[in-house]
Amino acid sequence: MQTFNFLVVATGLDPEADDFEDRFFEAGCDDATLSFQKGLILVAFDREADSLEEAVVSAVLEVLRAGATVRRVEPDELVSQADIGRRADLTRAAISNYIAGTRGDNFPLPVAKIATDNPLWRWSEVAHWLHAFDRLDAEEAAKAVLIGRINDLIAHCDADVLCHALEDMMPVTTHSPPSRRPVVG
Amino acid sequence: MARPRHSKKEVEAAVVYAEARGWRWRKGEGHCWGRLKCTRPDRQGCQISVNSTPRNAVNHARAIVRAVDHCWHGDEELCDADI
C-alpha cells in the first residue's frame with residue numbers, strides 16, 4: 001500500500017450548505033480535505049491504495065456519489081515550461097534545449113496558448129517523451145498517462161457514462177468485497 | 001463562543017496556523033468539526049472544512065496548511081495595509 005496525493009476539482013454543490021461535508025464523508029472521502037477556492041470545490045486526497053489507478057478512480061467515483069460534478073483531476077494535464085521543470089526536476093535551460101531541439105529530437109509541440117510567451121503542453125505527451133529520453137522514471141510517465149486518460153473521460157462523458165467507464169477501470173484487488181469481483185472462467 | 005480545541009493535536013496546530021493568518025473559525029455540522037474562512041468576507045473568499053475524525057490526522061493537518069498557503073486574499077490585504 002502506498003499513499004497517493006491528488007486533487008479532484010468539482011462544482012455543483014453549495015459549500016455553505018449544512019450537509020456539504022457530510023455528503024463527501026458518507027461517500028467515503030474521510031481521507032480527503034475539502035476546500036472551496038476561486039468558485040471551485042477542491043477535494044484533496046491522501047489515499048492509500050495498491051496503485052494510483054485504484055486511488056484516483058475510487059476517489060472520482062466517491063466525489064460523483066457525493067452529488068458533485070467532477071471537473072478534472074490534478075496534477076493538471078496542461079503544463080507550462082516551468083511546470084515541466086518542477087515535475088521532472090529539470091532546469092529551465094535543459095527544457096529550453098529540448099523544446100528547441102538542440103538536445104533530443106521531436107519534443108512534443110505545445111497545444112494551447114501557442115501565440116503567447118507562455119505556451120502549454122500536454123503533460124502526458126511530455127512525460128512520455130522525457131521517459132523515452134531517460135529524464136523521467138517509468139512510474140511518473142505512467143501516472144501522467146493515467147491522469148490524462150481519466151481527464152479525457154471526464155471532459156467527454158456525462159456523469160452516468162463516466163461512472164460506468166470508471167467502474168470498468170477499477171482494478172480488482174484483494175481488498176474489494178467479493179460481490180465486486182468478476183466471475184473467473 | 002470560544003473555539004473548542006480539536007481532539008487531534010496535529011489538526012489543532014493547523015487551525016492555529018490558519019488563525020494566525022487571519023482565518024476565522026465557525027462551528028460545523030455533522031462530520032465537519034468546523035469551517036475556516038479566509039480574510040475575504042464574501043463568496044469569493046476561501047473556505048476549508050476541518051473533519052472531526054479524519055482518517056489520518058497528520059495528512060489532514062498538512063492539507064489544511066497547504067490550502068491556507070494557497071489563499072492569496074491575505075496578501076491582498078497586507079499589500080493594501082503596506083500602502
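**Exercise 1. The sheet**

In what order do the seven strands of the open sheet follow one another?

Solution. The model is a predicted one.
Step 1. Read across the sheet: the order is β4(A)-β1(A)-β3(A)-β2(A)-β3(B)-β2(B)-β1(B), and the pairing is antiparallel.
Step 2. Find the ends: β4 of chain A and β1 (24-27) of chain B are the edge strands, each pairing on one side only.
Step 3. Add the twist: on average, neighbouring strands are turned by 25° against each other, direction ignored.
Step 4. Look at one pair: β2(A) and β3(A) are joined by six bridges in the antiparallel sense. Within this pair, Gln37(A) has Leu40(A) of β3(A) as its bridge partner.
Step 5. Place a helix: α2(A) packs on the sheet and touches β1, β3 and β4 of chain A. The direction of α2(A) makes about 140° with that of β3(A).

**Exercise 2. The nonpolar cores**

Determine which elements supply the largest nonpolar core, and describe the surroundings of Val43(A).

Solution.
Step 1. The largest core has 39 residues. Those that touch the most other members are Phe6(A), Phe24(A), Ile41(A), Val43(A), Phe45(A), Val63(A) and Leu166(A).
Step 2. At least two residues each come from β1 (2-11), α1 (20-27), β2 (32-37), β3 (40-49), α2 (52-65), β4 (69-74), α6 (138-156) and α7 (159-169) of chain A. The largest share, nine residues, is that of α2(A).
Step 3. Leaving out residues up to four places away in sequence, Val43(A) touches Phe6(A), Leu7(A), Val8(A), Phe24(A), Ala32(A), Thr33(A), Leu34(A) and Val63(A).
Step 4. There is also a second, separate core of 18 residues, with Val15(B), Ile64(B), Ala67(B) and Cys71(B) among them.

**Exercise 3. Helix α1(A)**

Explain why α1(A) counts as largely enclosed by the rest of the structure.

Solution.
Step 1. List the buried residues of α1(A): Phe20(A), Glu21(A), Asp22(A), Phe24(A), Phe25(A) and Ala27(A).
Step 2. Compare with the length of the helix: six of the eight residues of α1(A) are buried, so the helix is largely enclosed.
Step 3. Identify the cover: it includes β2, β3 and α2 of chain A, together with β2 (32-37) and β3 (47-51) of chain B.
Step 4. See what comes next: Gly28(A) follows α1(A) and has a positive phi, near 115°.

**Exercise 4. Two residues**

Is Ser58(A) buried or exposed, and which side chain makes a polar contact with that of Ser58(A)?

Solution.
Step 1. Ser58(A) sits in helix α2 of chain A.
Step 2. Its relative accessibility is 13%, so Ser58(A) is buried, the limit being under 20%.
Step 3. The side chain of Ser58(A) makes a polar contact of 3.0 Å with that of Arg47(A). A polar atom of the Ser58(A) side chain also lies 3.0 Å from the backbone oxygen of Ala55(A).

Now do the accessibility step for Val111(A).

Solution.
Step 1. Val111(A) belongs to the loop between α4 and β6 (121-122) of chain A.
Step 2. With 37% relative accessibility, Val111(A) is partly exposed.
Step 3. Beyond four places in sequence, Val111(A) touches Leu78(A), Leu120(A), Trp121(A) and Arg122(A). Leu78(A) is 33 residues away along the chain, and the C-alpha atoms of the two are 8.3 Å apart.

Methods:
Residues are numbered from 1 along each chain as its sequence is written. Chains are lettered from A and ligands numbered from 1 in the order in which they are written. This is a predicted model: local features need pLDDT of at least 70, side-chain atom pairs count only at pLDDT 80 or more; totals for chains, interfaces and linings use all residues. Side-chain values use heavy atoms; hydrogens and water are left out. A nonpolar core is a set of buried Ala, Val, Leu, Ile, Met, Phe, Trp, Tyr and Cys residues joined through side-chain atoms within 4.5 Å. Buried means under 20% relative accessible area, exposed over 50%, partly exposed in between (1.4 Å probe, protein chains only). Helices (H or I, at least four residues) and strands (E, at least two) are DSSP runs, numbered from the N terminus. Contact means heavy atoms within 4.5 Å. A polar contact is a pair of N or O atoms within 3.5 Å; within protein, one must be able to donate a hydrogen and the other to accept it, and residues adjacent in sequence count only if both atoms are side-chain atoms. Two strands pair if DSSP finds at least two bridges between them. Axes are lines fitted to C-alpha atoms, for helices over the stretch in contact, and angles run from 0 to 180 degrees between N-to-C directions.
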